[in-house]
Amino acid sequence: MGGGLCELAETMGYSADLCSYARSDIACATVNGGPIGGLPKPDMLVVAIIFAARSSNGMKFRRDILTCLYSFLDTPFCHTAYTEEAAKYIRAQFDEYIEFLENVCKRKFDYERLKKSRHLSHQGQLLWQAILDTATNKPAPMSAFDAFYHLALIVTSEVLRRLLTITRSFWLL
C-alpha cells in the first residue's frame with residue numbers, strides 16, 4: 001500500500017523528498033485506510049520532533065485533517081555541544097507543553113510521576129542494550145531482523161528518554 005499512499009500524498013502537494021513513512025501517514029489520514037484500515041480519531045496529537053524535522057509539516061497536516069488538539073515539541077539539533085541557549089529553548093517548549101496538558105486534562109502536572117517514568121525509561125534502554133549486546137555471542141541468540149522486529153516499544157521509550165535527557169536543565173532552570 002505504501003507506493004499508492006506516497007503517490008496520493010504527492011498529489012496533495014507533499015514533496016517526494018519527504019520520507020515515505022510520513023507521506024504514507026499523511027495519505028492514510030485522508031482515506032481512513034492503510035494496512036490496518038485506519039485508526040480512531042485521537043483526542044489530541046502530541047508531536048516531538050527529534051530527528052526527522054521535516055515530518056512536522058506532516059503532523060500539522062494530520063492535526064488539520066483530524067481537527068484535534070495539538071501540541072508540538074521542538075528540539076534543536078546540537079551539532080557539537082549542548083548550549084545554554086538550547087537548554088532555555090527546550091525548557092520553554094516543556095513549559096508550554098505542561099501548560100497544554102494541564103489545560104486539556106484539567107489537573108496539575110505530576111512532576112514526581114515524570115521523574116519515575118524518566119528513570120524507568122532509562123532502565124529500559126539499558127536493558128535493551130544488554131539484550132543487543134548478546135548478539136556478539138556465537139552462536140548469536142538473535143539476528144538483526146529480531147532486533148528490528150522487537151525495537152518498536154523500546155524506540156518509543158528511548159525517544160522519550162532522550163528528549164528528557166537532553167532537557168536535563170529542565171529540572172535545573
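Rings of Phe, Tyr and Trp (its six-membered ring) count as a pair if their centres lie within 6.5 Å; planes under 30 degrees apart make the pair stacked, and planes over 60 make it edge-to-face. Keep that handy for the exercises below, and remember that the model is predicted.

**Exercise 1. Find the aromatic pairs and sort them by geometry.**

*Solution.* Start with the count: the structure holds two aromatic pairs. Take Tyr 97 and Phe 100, whose ring centres lie 6.4 Å apart with 20 degrees between the planes, so this pair is stacked. Both residues sit in helix α4 (residues 84–105), three residues apart, or about one turn of the helix. Why does that spacing matter? An α-helix has 3.6 residues a turn, so residues three or four places apart point the same way. Now check the surroundings: Tyr 97 has 17% relative accessibility and counts as buried, and Phe 100, at 15%, counts as buried too.

Then there are Phe 109 and Tyr 111, with centres 5.0 Å apart and planes at 75 degrees, an edge-to-face pair. Tyr 111 has a relative accessible area of 36%, so it is partly exposed.

**Exercise 2. Work through helix α5: its span, its start and its buried residues.**

*Solution.* First, the span. Helix α5 covers residues 111–133, 23 of them, and its first and last C-alpha atoms are 33 Å apart. That is close to the 33 Å expected at 1.5 Å a residue. Next, the start: Asp 110 caps the N-terminal end, with a side-chain oxygen 3.2 Å from the backbone nitrogen of Glu 112. Last, the buried residues, which in α5 are Leu 114, Ser 121, Gly 124, Gln 125 and Trp 128.

**Exercise 3. Decide whether Arg 23 is buried or exposed, and list what it touches.**

*Solution.* Locate it first: Arg 23 belongs to helix α2 (residues 20–31). Its relative accessibility is 10%, and since buried means under 20%, Arg 23 counts as buried. Now look for contacts, skipping neighbours within four places in sequence: Arg 23 touches Leu 5, Cys 6, Ala 9, Glu 10, Ser 15, Ala 16 and Leu 18.

**Exercise 4. Sum up the whole chain.**

*Solution.* Begin with the elements: seven helices and two strands, running α-α-β-α-β-α-α-α-α from the N terminus. Then burial: 31% of the 173 residues count as buried. For the surface, about 11600 Å² is accessible, and carbon and sulfur atoms own 59% of that. Finish with contacts: among those between residues at least 6 apart in sequence, 60% join residues at least 24 apart.

Terms used. Residues numbered from 1 in each chain as written. Predicted model: local features only at pLDDT ≥ 70, side-chain atom pairs only at ≥ 80, totals over all residues. Heavy atoms only, no water. Helix = DSSP H or I, 4+ residues; strand = E, 2+ residues; numbered from the N terminus. Buried < 20%, exposed > 50% of the residue type's maximum accessible area, 1.4 Å probe, protein only. Contact = heavy atoms within 4.5 Å. Areas by Shrake-Rupley, 256 points an atom, 1.4 Å probe, with all protein chains shown as cover. Expected span 1.5 Å × (residues − 1). Polar contact = N/O pair within 3.5 Å; in protein donor to acceptor, adjacent residues only side chain to side chain.
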